[in-house]
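The exercises below are to be worked through with the sequence and the 3D view open. Each one sets a task and then solves it step by step.

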Amino acid sequence: MLTHEELTTVHLVLNTDCNAWALKPTSRSPGVCRFCYRERNRVAAVDADTVRRVIDRVRSESEARRCVFTGGDPVMPYDNHLEVALRHATEVGFETNLHTNGLLLAERYAALRNHVSIYSLAVDGATAETADWFRGHGYYERFLANVEFLTADLRRLAFNTFTTAGSVKELPLLAQLIAGVTRRTDVEYWLISQYRPIGRANPRKAALYAFDRDDFAPAVDDVRDRVEGVAIFAQPTRAPQDPYPFRVWVLVDGTVTADLGSVEAPHNEVLGDLLVDGFEPLVRRARALRRQTQSEGIA
Ligand code: SF4
């Protein structure tokens with residue numbers, strides 16, 4: 001059994017594709033989510049029963065408390081077993097954290113509402129001009145509408161923000177927006193990230209999005225006192241001095257992957273199939289590989 005200290009959170013992936021691909025870029029932006037390292041769907045098609053068995057296996061072999069639903073985007077325009085997975089994860093005792101761009105949230109909200117503990121909404125600017133530059137035309141408007149109905153329904157929220165050298169200067173404005181939300185409902189955290197050169201990284205993306213961590217860290221520190229009661233996390237660059245936290249991703253087809261901390265790695269390490277190998281042994285192996293990576297000095 002993996003203890004709570006060994007594994008607090010599990011990331012569950014129903015699909016790695018994303019509905020944001022349907023948005024149009026603004027006339028001045030480089031494209032929709034060009035910074036993203038998501039790929040075409042890497043999760044094999046499975047039935048609802050397999051989804052439940054995968055969640056059961058994670059439950060029976062770990063004391064992890066939180067199950068994060070991520071992707072891609074888990075709220076898709078097709079049946080990806082999201083409701084089944086959320087319901088089952090809740091029933092076996094996980095708190096559930098849905099990470100979403102919110103583009104299709106209103107459509108599926110009624111079916112998933114009772115099984116989501118916390119909604120993490122992505123927003124990269126406090127104006128339509130900035131937010132849409134990152135994620136596409138109309139994104140910001142949809143974000144505000146989501147915040148409105150979720151706060152009116154007293155849901156627990158969190159926010160994810162991706163930054164560039166330009167947008168990081170707007171964090172105080174975004175802090176103001178989030179502080180306003182805290183007066184209406186619970187906000188657990190705000191995760192602020194820098195570009196990470198992983199997945200399908202290339203020099204063009206780096207030129208658009210990358211900037212010095214010495215400009216990033218103080219900008220994040222500057223907003224820490226502006227949103228009372230909200231934990232603020234700065235997501236590192238994955239440079240050697242900024243190792244990425246240990247995380248485990250479980251695809252609902254049973255595949256377990258982990259981030260071993262190397263900025264060189266194009267993908268998370270594929271460890272095996274938990275329905276065949278068991279969950280605990282795969283996570284222990286990932287921890288050992290991670291230690292090895294770090295001791296070799298390439299983390
Ligand atoms: S919404 Fe998120 S997962 Fe989807 S393309 Fe954008 S950054 Fe990637």
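Gly72 is found in the loop between S2 and H2. The model is a predicted one, and the exercises start from this loop.

**Exercise 1. Examine the backbone at Gly72 and at His81, and state whether His81 is buried or exposed.**

Step 1. Take the peptide bond from Gly71 to Gly72: its omega is near 10°, and the bond is cis.

Step 2. Go on to His81, which also belongs to the loop between S2 and H2. His81 is not a glycine, yet its phi is positive, about 70°.

Step 3. Count the C-beta neighbours of His81 inside 10 Å: there are 21. A residue with 20 or more counts as buried, so His81 is buried.

**Exercise 2. List the residues that surround the ligand, sort them by type, and look closer at Cys33.**

Step 1. The shell around the ligand consists of Cys18, Ala20, Cys33, Cys36, Arg38, Gly71, Gly72, Asp73, Asn101, Ala122 and Arg135.

Step 2. Sorted by type, the shell has five nonpolar, three polar and three charged residues.

Step 3. Find Cys33 in the loop between S1 and H1. Cys33 is not a glycine, but has a positive phi of about 50°.

Step 4. Cys33 has 22 other C-beta atoms within 10 Å, so this residue is buried.

**Exercise 3. Determine how helix H1 lies against helix H2, and which residues make the contact.**

Step 1. Locate H1 at residues 48-61 and H2 at residues 82-91; their axes come within 10 Å and cross at roughly 30°.

Step 2. Angles under 35 degrees count as roughly parallel, and H1 and H2 are therefore roughly parallel to each other.

Step 3. The crossing in which H1 passes H2 is right-handed. On the H1 side the contact is made by Ala48, Val51, Arg52 and Ile55, and on the H2 side by Val84, Ala85, His88 and Ala89.

Step 4. By type, six residues of this contact are nonpolar, one is polar and one is charged.

**Exercise 4. Repeat the analysis for H2 and helix H3.**

Step 1. H3 covers residues 105-112, and its axis comes within 10 Å of that of H2, at a crossing angle of roughly 40°.

Step 2. That angle makes H2 oblique to H3.

Step 3. H2 passes H3 in a right-handed crossing. From H2, Leu82, Glu83 and Leu86 meet Arg108, Ala111 and Leu112 of H3.

Step 4. The residues of this contact are four nonpolar, no polar and two charged.

**Exercise 5. Name the buried residues of H2, what covers them, and what follows the helix.**

Step 1. Leu82, Ala85, Leu86, His88 and Ala89 are the buried residues of H2.

Step 2. The elements that cover them include strand S1 (9-13), H1, strand S2 (66-70), strand S3 (95-100) and H3.

Step 3. After H2 comes Gly93, with a positive phi near 105°.

**Exercise 6. Decide how far helix H4 is enclosed, and by which elements.**

Step 1. H4 runs over residues 128-135, and six of its eight residues are buried, so the helix is largely enclosed by the rest of the structure.

Step 2. The buried residues of H4 are Thr130, Ala131, Asp132, Trp133, Phe134 and Arg135. One of them, Arg135, is also in the shell around the ligand.

Step 3. Among the elements that cover these buried residues are helix H5 (139-152) and strand S5 (157-162).

Step 4. Gly136 follows H4 and has a positive phi near 115°.

**Exercise 7. Place Asp221 and Ala231, and say whether each is buried or exposed.**

Step 1. Asp221 is in helix H8, residues 213-223. With 11 other C-beta atoms within 10 Å, Asp221 is exposed.

Step 2. From Asp221 to Ala122, a residue of the ligand shell, the separation is 99 residues in sequence and 20 Å in space, C-alpha to C-alpha.

Step 3. Ala231 is in strand S7, residues 231-235. Ala231 has 12 other C-beta atoms within 10 Å and is exposed.

Step 4. Leaving aside neighbours within four places in sequence, Ala231 is in contact with Glu188 and Tyr189. Ala231 and Ala20 are 211 residues apart in sequence and 27 Å apart in space, C-alpha to C-alpha.

Notes:
Residues numbered from 1 in each chain as written. Predicted model: local features only at pLDDT ≥ 70, side-chain atom pairs only at ≥ 80, totals over all residues. Axes fitted to C-alpha atoms, helices over the stretch in contact; angles between N-to-C directions. Helix = DSSP H or I, 4+ residues; strand = E, 2+ residues; numbered from the N terminus. Parallel < 35°, antiparallel > 145°, perpendicular 65-115°, else oblique. Left-handed = near helix turned anticlockwise from the far one by under 90°. Contact = placed C-beta atoms within 7 Å. Nonpolar A, V, L, I, M, F, W, Y, C, P; charged D, E, K, R; others polar. Near = placed C-beta within 6 Å.
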